[in-house]
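Reader: I'd like to go through this model with you and ask how each label was earned. Can you take me through it?

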Amino acid sequence: MTDALKNLSFRTLFDAAVEAKLLVDDTGRIALANPAAQLLFGYSEDELCEITVEMLMPARYREQHQHYRALFLNNPDKRAMGNGKALAALHCDGTEMILDISLSPIKTQRQLYILIAFIVTDQRLKTEEALRASEERLRLAKQAASLGIFDCDCENKIIYWDAQMRRLWGEESNESVTYDEFLPMIHPEDRAARKAAYNHAIDPTGNGEFSAEFRVIHPRSGIEHWISTIGRVHFEAGHARRLVGVAQDITEKKNLQKKLQDQRNEIESLFKHQVAERTASAIAHELNQPLTAISAYSEVVLQALANQEIDFDKVKKALEGCVEQAQRAGRSLHELLAFLQKGEIKTEQLNLNSIINESLSMARDDGYEEFHQVLNLQQDLPDVQANRTQILKVLVNLIKNAAEAMLIAGAPISTITISVQTLAETNMALVIVQDNGPGLDKDMAKRIFEPFFSTKPNGIGMGLAISRALIETNGGQLWVDPDATQGAKFHFTLPYAS
C-alpha cells in the first residue's frame, strides 16, 4: 500500500483535488491548472497557461498584487492571503467572484513555484446572510406569536425545549426534560388523545405530521393552560428519530370558544324546546280527532262482544272505522311532516370531500372536539347534486351523535371514521360515518329513525328522523348497519351531478 502511494505523481494528486488549484512560477505565469480551477474560471488549461495570475484579478488590483507577489517571493512560506478578508477574482465572462486564497511555496532545483488554492466564498456569504435573515424572521415570528420550540429525541425519550416552552409548562430551569417528567404535566383527560396523535406521527407509513391540542397543569399553581402543538417527525431507516415542532398557548381562544358555545347551547336549547312544544301541539291537534274516533269505535266493539248475541255486522263496521281512522292519523302525520319541510329545495354541485371537512370543523366549533378523526376520502371524486345546508346538517348531526355516544360510553380513544365510496351501478356516492362507541343493539337499530325515539337521556328523538327525510329529499337514502361489529355505522347516498 505504502509503495503504491509513493508512485503517485504530483500531477495526479494536483488534478484530483476538489479545490481549484493553480501552479504559478515566480514571474506570476500560470504553469498548471487543475480541472476544478478550469471550471471555476471558465478557461481551458491551455488558455490559463498563456496568462499571468494577475489577469484573473479585477484590473484595480493588478498593480497592487505585483507588489505583494514581490514581498512573498522575498519570504516564501505557507499563508492565507487577505488577512481574513475575502478577495475578488474574475471569471472568463467578466463577472467577479469572492474567494478565499491560500499560498504554498514549492521549491525545485531550478525554480520556485507557488501553489494557489481557491475556495469560493460568495455563495457561503450569501447563505450565511440568508440564514441570519431567516433566523431573525423566525425570532420575530416566535416573539409575535409567543411560540415555543421543542425537539423530541424519540429513541431516548428526551425533550429539548426553549425558554418559552418551559414557561408554557411552568418549568423555568432545565433545557431538557424526560418523558416521565413531561407527561404528568398534561391533563389526565387529554393524555390518551395526545398519545394517539404522537403514535400516528411516528408511524413510518404516514406523513410524519404531528398535531395536538391539550391542557397542561402548572406544577406549583395548578392552573390549567390549553396548548396547541404542531410538528414533523424525522425518520431514519424507517424509524422515528426526532419530532421537531412549535407550541402556542391558546387558552384565551379556548375560553372564548367555550363562552360562545355556552351561548349557542342556551339558544339551541330554547329553540329545541319551542320546536318540540309546537311539534307536539301540532301532532296532538292532527291526531286528536282520529284517536277519539278510534276510541269510540273500540267501545262499540267491546259492548258488542259483551252481549250474548254478537252483531257481527256492527263489529265489522266498528273495526273498519278503527282502520280508517288509524290510516287517517298516519296521513295527517305525514302531511304535517311534509308541511314542516315544505319549500322548494335548491340544489347545486357540491364537492363531497369539502363538505365532509367543513362539517367536521362545524362540529368542533360547536364544542364536539374530543375525538380523533380518520378520513378515507376518494380523490378526484365527481360532484354530487344536493342542497349544501341540508347535507351539512345531516353530517354534523351524525358526527355529534357519534361524539356524544363515545363520550357517554367512556371510549379510551374516541375515533370517528368517515369514508366515501362510489356505487357505480347507481351513479351514487356512498358516505359511511362510523364511531367506536357502544353501538346499537338489534331493537335500537330497528327503531333508531322513529320520531321521538332516542338513545340519549335528554334527546327528543327527531334528529335522525329529520336527517333521513333530508337525505331522501335530496334523492338519496340514509340507513344504519345493524350488523356493525364496532360502534354505530351509518350510511347515506347522494346522486352525482353528472
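Reader: To start, how many helices and strands are there in the protein?

Author: There are 15 helices and 19 strands. Keep in mind that this is a predicted model.

Reader: And how much of the protein counts as buried?

Author: Of its 498 residues, 34% do. The label asks for under 20% relative accessible area.

Reader: What about contacts between residues at least 6 apart in sequence: what share of them join residues at least 24 apart?

Author: That share is 54%.

Reader: Let's turn to α5. How do you know that its length agrees with what a helix should span?

Author: Helix α5 covers residues 59-74, which is 16 residues, and at 1.5 Å a residue these should span 22 Å. The C-alpha atoms at its ends are 24 Å apart, so the two values agree.

Reader: Where does α5 bend, and by how much?

Author: The bend is at histidine 65, and it is about 30°. His65 is also one of the buried residues of α5, together with Arg69 and Phe72.

Reader: Why would buried residues in a helix come at spacings like that?

Author: An α-helix has 3.6 residues a turn, so residues three or four places apart point the same way.

Reader: What do the buried residues of α5 pack against?

Author: Three strands: β3 (79-80), β5 (96-107) and β6 (112-120).

Reader: Now glutamate 175. Why is this residue called exposed?

Author: Exposed means over 50% relative accessible area. Glutamate 175 has 59%, so the label fits. Its place is in the loop between α7 (163-169) and β9 (176-178).

Reader: Which residues does glutamate 175 touch, leaving out those up to four places away in sequence?

Author: Ile159, Tyr160, Trp161 and Arg166. As for alanine 163, it is twelve residues from glutamate 175 in sequence, and their C-alpha atoms are 7.6 Å apart in space.

Reader: Last topic, empty space. How many cavities of 30 Å³ or more does the count give?

Author: Two. The largest cavity has a volume of about 80 Å³. Elements that give two or more residues to its lining are β7 (148-153), α7 and β10 (209-217).

Reader: What makes up that lining by class?

Author: The lining of the largest cavity has nine nonpolar residues, one polar and one charged. Phe150, Trp169 and Leu243 are among the lining residues, as are Thr229 and Arg194. Thr counts as polar and Arg as charged, so Thr229 and Arg194 fill those two classes.

Notes: Residues numbered from 1 in each chain as written. Predicted model: local features only at pLDDT ≥ 70, side-chain atom pairs only at ≥ 80, totals over all residues. Heavy atoms only, no water. Helix = DSSP H or I, 4+ residues; strand = E, 2+ residues; numbered from the N terminus. Expected span 1.5 Å × (residues − 1). Bend = angle between axes of the 7 residues up to and from the residue. Buried < 20%, exposed > 50% of the residue type's maximum accessible area, 1.4 Å probe, protein only. Contact = heavy atoms within 4.5 Å. 1 Å grid on protein atoms, 1.4 Å probe; cavity = no way out; pocket = protein on both sides within 12 Å on 5 of 7 lines; lining within 4 Å. Points joined across faces, edges and corners; volume = space filled by probe spheres on them.
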